Amino acid sequence: DRRDWLLDNALGRWLTKRQIVLSNLTLLKVLLWLVLLGLFVELEFGLPFFVISLFYWLYEGLRSPAAREPGELSAYSVFNPDCQPLLGTLTAEQLEGEMGYRPLANR
């Protein structure tokens, strides 16, 4: 039975009430990044370190998205069965209909 020391104190209980769940590993990663940022600022390479960090976070965020649940549709209709769009998606046909355009065959 391993307990999470961050969630066992007053700060952890406050964070869980706010539905902000941080693990020990996440906290250590943030602290390490802040220490490295301070080091690179002292070496006058703070801005390049920050920009490279942003690219790394972008890469990590896009590299491995969470698997979709069965039946859950993608935001991109081309990845859905029969190219089914999400509810509320504005299609070209709907836009043309709302703007009053008629198809060329019916003119």
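Visitor: Let's start in the loop with Asn 80. Which two helices does that loop lie between?

Guide: Asn 80 sits in the loop between H3 and H4. Keep in mind that this is a predicted model, so every value here is computed from predicted coordinates.

Visitor: Is Asn 80 buried or exposed?

Guide: The general idea is to look at the relative accessible area, where anything under 20% counts as buried. Asn 80 has a relative accessible area of 5%, so this residue is buried.

Visitor: Which residues is Asn 80 in contact with, leaving aside its neighbours within four places in sequence?

Guide: Those are Leu 73 and Ser 74.

Visitor: Staying in that loop, what should I look for in the backbone angles?

Guide: Look at the sign of phi, and check whether the residue is a glycine. Asp 82 is not a glycine, yet has a positive phi of about 60°. Cys 83 isn't a glycine either, and its phi is positive too, at about 50°.

Visitor: Where do Asp 82 and Cys 83 lie?

Guide: Asp 82 belongs to the loop between helix H3 (46–63) and helix H4 (92–99). Cys 83 is likewise in the loop between H3 and H4.

Visitor: How accessible is each of them?

Guide: Asp 82 counts as exposed because its relative accessibility is 79%. Cys 83 comes to 46% and therefore counts as partly exposed.

Visitor: Now on to H4. How many of its eight residues are buried?

Guide: The number is zero, so H4 lies largely in the open. Just after H4 there is another positive phi: Gly 100, at about 90°.

Visitor: Let me zoom out. How many helices and strands does the protein chain have?

Guide: There are four helices and zero strands. Read from the N terminus, the elements go α-α-α-α.

Visitor: What do burial and contacts look like for the chain as a whole?

Guide: Of the 107 residues of the protein chain, 10% count as buried. For contacts, take those with a separation of 6 or more: residues 24 or more positions apart account for 3% of them. The accessible surface of the protein chain is about 9,800 Å², with 64% of that belonging to carbon and sulfur atoms.

Visitor: How do I go about reading a pocket?

Guide: Rolling a probe the size of a water molecule over the atoms shows where empty space is left. In this structure, the largest pocket holds about 270 Å³ of space.

Visitor: Which elements give two or more residues to the lining of the largest pocket?

Guide: Helix H2 (24–42) and H3 do. H2 supplies the largest share, five residues. The lining of the largest pocket is made up of Lys 29, Val 30, Leu 32, Trp 33, Leu 36, Phe 49, Ser 53, Tyr 56 and Trp 57.

Visitor: What is the chemical make-up of the residues in that lining?

Guide: They divide into seven nonpolar, one polar and one charged.

Visitor: There are aromatic side chains among those names. How do I read ring pairs?

Guide: Check two things, the distance between ring centres and the angle between ring planes. Centres within 6.5 Å make a pair, and planes under 30 degrees apart count as stacked. By that rule there are four aromatic pairs. In one of them, the rings of Trp 33 and Phe 49 have centres 6.1 Å apart and planes at 25°, so the pair is stacked.

Visitor: Where do Trp 33 and Phe 49 sit along the chain?

Guide: Trp 33 is in helix H2 and Phe 49 in helix H3, 16 residues apart, and the pair links distant parts of the chain. Both Trp 33 and Phe 49 are buried.

Visitor: How does Trp 33 pair with Phe 50?

Guide: That pair is tilted, at 6.1 Å centre to centre and with 55° between the planes. Because Trp 33 lies in helix H2 and Phe 50 in helix H3, the pair ties together parts that are 17 residues apart in sequence. Phe 50 has a relative accessible area of 34%, so it is partly exposed.

Visitor: Which residues form the aromatic cluster?

Guide: Trp 33, Phe 40, Phe 49, Phe 50 and Trp 57 form one cluster.

Visitor: One last residue: where is Pro 48?

Guide: Pro 48 is in helix H3. At 38% relative accessibility, Pro 48 counts as partly exposed. From Pro 48 to Leu 37 is 9.9 Å, C-alpha to C-alpha, with the two 11 residues apart in sequence.

Methods:
Residues are numbered from 1 along each chain as its sequence is written. This is a predicted model: local features need pLDDT of at least 70, side-chain atom pairs count only at pLDDT 80 or more; totals for chains, interfaces and linings use all residues. Side-chain values use heavy atoms; hydrogens and water are left out. Buried means under 20% relative accessible area, exposed over 50%, partly exposed in between (1.4 Å probe, protein chains only). On a 1 Å grid over the protein atoms alone, a cavity is a set of points where a 1.4 Å probe fits but cannot get out, and a pocket is an open set with protein on both sides within 12 Å along at least five of seven lines; lining residues have an atom within 4 Å of a point. Grid points are joined across faces, edges and corners, and a volume is the space filled by probe spheres set on the points. Ala, Val, Leu, Ile, Met, Phe, Trp, Tyr, Cys and Pro count as nonpolar, Asp, Glu, Lys and Arg as charged, and the others, Gly among them, as polar. Rings of Phe, Tyr and Trp (its six-membered ring) pair if their centres lie within 6.5 Å; planes under 30 degrees apart count as stacked, over 60 as edge-to-face and the rest as tilted. Contact means heavy atoms within 4.5 Å. Accessible areas come from the Shrake-Rupley method with a 1.4 Å probe; for residues, only the protein chains shown count as cover.
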